[in-house]
Amino acid sequence: MQKTDVLVIGGGLVGLSIAYGLALLGRQVSVLDEGDDAFRAARGNFGLLWVQGKGYGMSPYAQWSREAVALWPRFAASLQADSGIDVHLRQPGGFQLCLSEQEMAEESRRLLWLREAMDGGYPFELLEADQLRARLPGVGPTVVGGCYSPMDGHVNPLKLLRALYAACQARGVRIVNGQRVRAIGQRASGFELDAGEQRWHAGQLVLAAGLGNRELGAQLGMDVPVSPNRGQILVTERLKPFLHYPTTYVRQTDEGTVQLGDSHESAGFDDGTSSDVMADIARRAVQCFPRLAEVRLIRAWGALRVLSADGFPIYEASRDCPGAVVVSCHSGVTLAAIHALRLAPWIGGDYDEPGVAAFGLQRFSRNHEVRHAG
Amino acid sequence: MNKQTVDLIVIGAGPAGMSAALEATGHGLSVVVLDEQASPGGQIYRNILQADARSRGVLGDDYQAGAGLVAKFLQCGALYLGNAAIWQVTPQRKVHYLIDGRAEVLQGRHVLIATGAFERPMPIPGWTLPGVMTAGAGQILLKSAALVPRQPVLLAGCGPLLYLLAVQYLRAGIAIEALVDTSGRGDLLRAWREIPGALRGWRDLLKGLQLLAELKRAGVRHVRDARDLRIEGQAQASALSFDSGGRRWTIPAPLILLHQGVVPNTQISWSLRLEHDWSEQQLCWIARRDSLGETSLPGIFIAGDGGAIGGAQAALLEGRQAGLAIAASAGKVDSRQLRQRLAHYRKALRRQRAARPLIDAVYRPQQQNRIPADEVIVCRCEDVSAGAIRQHVALGCLGPNQTKAFGRCGMGPCQGRLCGLSVTEIIAEQRQVPAAAVGYYRIRSPLKPITLAQLSTETPFTQEPL
Amino acid sequence: MPAESVFRALGPADQTVQIEFEGASLSVPAGVSLAAALLLSGVTHTRESAVSGRPGAPFCMMGVCFECLVEVDGQANCQACLLPVRAGMRVLRQRGAREFLADGHAEEGADE
C-alpha cells in the first residue's frame, strides 16, 4: 500500500503545477501519470500565455487569466531556481491578426465588451493594416488589421513541462509514471485507489487527468462535462529570429522553429492530422506572413484540448466526497502560474480563493441555482 | 476535378515494388508506382539502366540480374513516377506526394508499401565527423556517380554488404586500407551450433565466405573481433582506433565507411499506426501483416525489406505474392490458379527465409555499437547525446516520445530514421525492460518536408490515361 | 574552398556542367546528384548545425539522414543527395537556421 498526503492524478501541466504549488507549501505530494503514448495536451499545445479575448461572456475568467499572467514571472523564476531550466518566458504582448473585416469586427466587439466588464482595466489596441505592418514587419497584404494586447506572451511549453517535472522532484514530489488509475474508493480517512499493480491511500485527491477526469469524476459521483476538441499544429524548419511577438496563428519559438495553428475540430479521441486542415493552417499562415510560403514544414501533430461544456475551467471541491478536487481547463499553460501559486493553496485548504467561485460544476446542472452564502 | 482512383499504388521501385507491379498489371489492374529515386531499381539495382558495362562488371552478378527485371517493369503498363517524395499515406489509402515541386494526391483501392531498407545506425564516437559515411553511401556513389575513394579506404562494421562493397572496390582497382570487422570467427561457430536448421543458411553464408576469400587473396587487411571503435579527428575524420587481438590499433584514414546491417524503412507503416513487433533476432521493428502481406488496414499491404529484412529474392517473391493477392481481391484471378501460385510462393519464401536466422546471428551487431556511451551523439538532427536521453529516463521518461518532448531527440527532419532504433534500445537498457515495452516514436506526417505553399496548393493526380 | 577530394571518378565524365559553390565555379559531371558533385569537388562539409554549429556532410546518400542540407538558388535546407546537378546552380552551405527576410514589398504578396 502506497501512502501519500495528497495524490494528484495526472502529470500534465495542470497536475504538475498544482503538485508544485502544494510542495512549495510543504505538503507531501505524489503524482500518478500514464505512459509514453498518452494523449497529453501538455505536449501538444502552442505555448501561448494568452489573455486577450478570453472570458467573453464570463468576466471572472478574464480576470483569472489576467491575474495568471501577472504571476508568471514569479512562477518562472521559482521553476528556474528549483530545476535549473529556463522556460523562455516572454511577455512582450501579442497580436491577433485578422484576415477579414468580419473577423476584425468580431474581435473588436469582444475586446470592447471585456474592457467594459473589467471596468476599463483591460489594455489593448485595435490596429489598422498599416499600423499593424509598422509593428510587425512582413505581415501580408490581405491582413486587414489586428488586435494587440500587452498582457499576452508565450513560453516554451516542452521546457515548461520538463522544468515542472524537475522542480517537483527537487521539492520532494513523488512522480510515478506508467500508471493508469482504475478504481477510486472513498474511506473515512481519505481515498483508496488502484493504479497499475499498486494500491494507494491518500488523504486528499486532485483529479487533474484532463479528458480522463470524466471517468474518474464519475467514480466519485461527479458529472464532469469535458470533451475533446482537436487542434492541429504545424512546425517549420528553424528560421533566424524574425517574429518577436506571439500571434494566435503564428508563433516563432526560442528554437527558431515557427509554430502554426489555431484549428478547432470535434474529432473524438483522435489526435491525428488531416491534410485539409493542415492546408488551411498553411494558407492562413502564408496570408499572415507571405514569406513563409517557401518555408518547409517538418512536423505536424494533433492534440486534444480538454474542453468543458462552456469552455471555461472547472474547479470543484466535491461536497459529497470532501477532500477530492476536480481541476480542468484548456489553457493549462496560461494558468500554470495561478494553479501553482493560488489554486494549490486553496486546494491545500489553507487559503480562501474567491477567484474559483465561478468555476464550480453546479453551473452545468439543469437547475442551476445561485449559491447561497454559508 | 478528375477524381481518379487507381487499383494499386505501389510505394517504392525496388525488387518488391517492381514485381508487385508486374503481377498486378498482368491481371489487368491499373498501377501507379511512386519512387523517390530518379529511375527504378531501388537501392540494390540503383541506377542500373544508366550503368555501363564496366560498372556492371565491378558491381557483380547480383546487380546485373536486376537489369532484366527493370526492363520488364518499364514495359509492363504500370505508370512509373520517379523523383516523387511521399509525405503522407492515410488509412483510407490516399497517398500524398511531392513531384516536380508540386503537391499531388492519389487515391488507391490498394496500397503496397515497398519502401525497402536503410542502414542501421552505427553510433560510435566520432561517427558524425565529415569523412565518415555509410557503406551504402559508398555503394550509391559507385552505382550512380561512378565515384570511388581516391586513397585506400577504411571499412568498419559487419555484415555481408560490407564485404560486398569491399570486393566491388577491389574489382574497380581501389585499394582498401583495412576491413575492421566487429564480428569474428567465434560468432560463426556459435551461431552454427545454436541455430536450429542452420544448414538452411549455408548458401548465403557461403557467399559471404567467398567474398572474404576474394579479399584475402587480394591481401586486404581484415581485422576481426574489433571492439571499442572510435573515429579520431577534430573537424574531419583522420583515423579509426579500436581494440583487437589484445592491443589497441589506430589506422589513419580520411574516409571511413561504416556498416552494421540494414533495417526496414518503417516510416510509412508507423505513420499509419500499424502494430509493430520488436524482433530480438533482427534488432528492429517488424510491421504486422498476414502471410500474404496485408496489414490490419484493409487494402494496405507491405512487401520486401520494408516489412522485414529478407533480401532481394524474398522481396521479389513477396512482391509477386502481394500483387497476386491484390488482383485476387479485385476478382481477377481464378481460384485454382490462385491456390497453386500461393502455395508455390509460400514454399519458395519458406526456403528463402530459412537462411535468415543464421545470417542474423552471425552478423549480429555488437551491443556497444548500438547502445553508445553518454558522450556519443545519437540524434544527428538535433545533436542530442545518449547521455541526455539517459538523463531524461532518470527524470522519469518511459519511452521515446517523452524523451523527445524533454530533449528534442527525434524532432528533426529525419524523424527518427537515424536515431529511432538507438533511442528505443538506450531507453530499454537504462530501464532494464525489453525494447517491446519501450515502444517507438509516434511518426507523424509530413514524412518528408513540404513547403507551406506546396501544402496549400495540393491537387489531385490527374494524369491520363491510367 | 574545396581541397583535394577523398573521392575520384572511375572514368572521365561524358558531359560536364558548371555550378557554383560558395561563390566558386565548379565543373562537375552531368547526371550526378549535387551531393556526389560536391564530394567529388573536394567539399568536406555542406552544412553547419543550427543547434550546435557542428559541421555536417553527406552521410547516407539516399535521403534518409538529412546531413547533406544546402541552400540551392536561394532555397534553404535542400537535400543535396536527392537533387541532380543542373547548369548554373548556385549552392551555399546551410549555415544554421534559415534566413527569413521579413521586410517584403507589396509585390511579394502577389507571388503566391
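So, let's start with the hairpin in chain B. Strand S13, residues 227-232, runs antiparallel to strand S14, residues 239-244, and four bridges hold the pairing in this predicted model. If you want one pair to click on, take Glu232(B): its bridge partner in S14(B) is Ala239(B). Between S13(B) and S14(B) you have six residues. Look at Gly233(B) in that turn, because its phi is positive, about 140 degrees.

Okay, staying in chain B, on to the sheet. This one is open, with five strands in the order S8-S16-S10-S11-S12, and the pairing is parallel. Which strands stand at the edges? Those are S8, residues 132-134, and S12, residues 222-223; each has a single partner strand, so one side of each has no neighbour in the sheet. For S8(B), three bridges run across to S16(B), residues 256-260, in parallel. Met133(B) is a handy landmark here, since you'll find Leu257(B) of S16(B) opposite it. And while you're looking at strands, a general reminder: side chains in a regular strand alternate between the two faces of the sheet.

Now, what packs on that sheet? Helix H5 of chain B does, residues 160-171, and the strands it touches are S10 (153-158), S11 (176-181) and S16. The direction of H5(B) makes about 160 degrees with that of S10(B).

H5(B) also has a helix to talk to. That's H4(B), residues 135-145: the two axes come within 10 Å and cross at roughly 35 degrees. The crossing is left-handed. From the H4(B) side you get Ala135(B), Gly138(B), Gln139(B) and Leu142(B). They meet Leu161(B), Leu162(B), Leu165(B) and Gln168(B) of H5(B). What's the make-up of that contact? Five nonpolar residues, three polar and no charged.

Last bit: let's hop over to chain A and zoom out to domains. Domain 1 comes in pieces, 2-57, 158-225 and 310-364, while domain 2 covers 93-152 and 227-308. Their C-alpha centres are 29 Å apart. How many residues does each domain put into the contact? Domain 1 of chain A gives 23 and domain 2 of chain A gives 26. On the domain 1 side, the elements giving two or more residues are helix H2 (41-44) and strand S3 (48-49) of chain A. That side of domain 1 of chain A splits into 12 nonpolar residues, 10 polar and one charged.

That's my tour, happy to take questions.

Methods. Residues are numbered from 1 along each chain as its sequence is written. Chains are lettered from A and ligands numbered from 1 in the order in which they are written. This is a predicted model: local features need pLDDT of at least 70, side-chain atom pairs count only at pLDDT 80 or more; totals for chains, interfaces and linings use all residues. Two strands pair if DSSP finds at least two bridges between them. Domain bounds come from an automatic or database domain assignment. Two residues are in contact if their C-beta atoms, placed from the backbone, lie within 7 Å. Ala, Val, Leu, Ile, Met, Phe, Trp, Tyr, Cys and Pro count as nonpolar, Asp, Glu, Lys and Arg as charged, and the others, Gly among them, as polar. Axes are lines fitted to C-alpha atoms, for helices over the stretch in contact, and angles run from 0 to 180 degrees between N-to-C directions. A crossing is left-handed if the near helix is turned anticlockwise from the far one by less than a right angle, and right-handed if clockwise.
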